[in-house]
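Here are some points to read alongside the structure, written for someone meeting it for the first time. Please keep the sequence and the model in view while going through them.

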Amino acid sequence: MDDTLIARAHALAEENFVAGSGPGGQNANKVATEVQLRVNAYKLRLPPPVFARLRAIAGSKLTASGDLLIVARSHRTQDANRSEAREKLEDLLEAAHRQPKRRAKTRLNRVGKVKRLKAKKARGEVKAKRGSVKPGSDW
């Protein structure tokens, strides 16, 4: 992933400060330290596969209008929360750019296949013997 995308994301980011819950004691009720970082994902001009991964990773953080909403409230100061929100944005974009590894199909050899079918046959015979007792048969 290139630094120009991160720079563009930071340039497009809108920050709102809210008096939120979290650490700060009585100060939390007076000072707006919680940061809501909002970036329009469509304006980032991501390639379609990267955008699809971002949408899957972001989940409820991505609004219907395409805005990526990131909230940071774990610190007592605006600056610390602002930098945390920007780090979360960078991590999200990096995760979306990471292409998942393809899963290698497992192959079953002939011996394993025969063994599995023999076990299935044996299990079927055990279950067949569980049937109801027929009248007139000795037991």
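How many residues does the largest nonpolar core have, and which of them have the most contacts inside it? The points below begin with that, and the reader should keep in mind that this is a predicted model.

1. The largest nonpolar core has 22 residues, and those with the most contacts inside it are L44, L46, L54, L68 and L89. Two or more residues are given to this core by each of α1 (3–12), β2 (34–40), α3 (48–58), β3 (67–72) and α4 (78–97), and the largest share, five residues, comes from α4. As general background, nonpolar side chains in soluble globular proteins tend to be buried together.

2. One of the core residues with the most contacts, L54, can be followed by eye: leaving aside residues up to four places away in sequence, L54 touches A41, L46, L68, L92 and A96.

3. The helix α4 deserves a check of its own length, because its 20 residues, at 1.5 Å a residue, should span 28 Å, and its end C-alpha atoms are 29 Å apart, which agrees. Its buried residues are N81, E84, A85, L89, L92, L93 and A96, and these pack against α1, β2, α3 and β3. When looking at their spacing, it helps to recall that an α-helix has 3.6 residues a turn, so residues three or four places apart point the same way.

4. Is N81, which is found in helix α4, buried or exposed? N81 has a relative accessible area of 0%, and because buried means under 20%, N81 counts as buried. Not counting residues up to four places away in sequence, N81 touches T33, E34, V35, A72, R73, S74 and H75.

5. The packing of α3 on α4 is described by an angle of about 125°, with the axes 8 Å apart, and the two helices are therefore oblique to each other. α3 passes α4 in a right-handed crossing, where V50, R53, L54, I57 and A58 in α3 meet L92, A95, A96 and H97 in α4.

6. For α1 and α4, the axes come within 11 Å and cross at roughly 135°, so these helices too are oblique to each other. α1 passes α4 in a right-handed crossing, and the contact is made by L5, I6, A9 and H10 of α1 together with R86, L89, E90, L93, E94 and H97 of α4.

Technical notes: Residues are numbered from 1 along each chain as its sequence is written. This is a predicted model: local features need pLDDT of at least 70, side-chain atom pairs count only at pLDDT 80 or more; totals for chains, interfaces and linings use all residues. Side-chain values use heavy atoms; hydrogens and water are left out. A nonpolar core is a set of buried Ala, Val, Leu, Ile, Met, Phe, Trp, Tyr and Cys residues joined through side-chain atoms within 4.5 Å. Buried means under 20% relative accessible area, exposed over 50%, partly exposed in between (1.4 Å probe, protein chains only). Helices (H or I, at least four residues) and strands (E, at least two) are DSSP runs, numbered from the N terminus. Contact means heavy atoms within 4.5 Å. The expected span of a helix is 1.5 Å times one less than its number of residues. Axes are lines fitted to C-alpha atoms, for helices over the stretch in contact, and angles run from 0 to 180 degrees between N-to-C directions. Angles under 35 degrees count as roughly parallel, over 145 as roughly antiparallel, 65 to 115 as roughly perpendicular and the rest as oblique. A crossing is left-handed if the near helix is turned anticlockwise from the far one by less than a right angle, and right-handed if clockwise.
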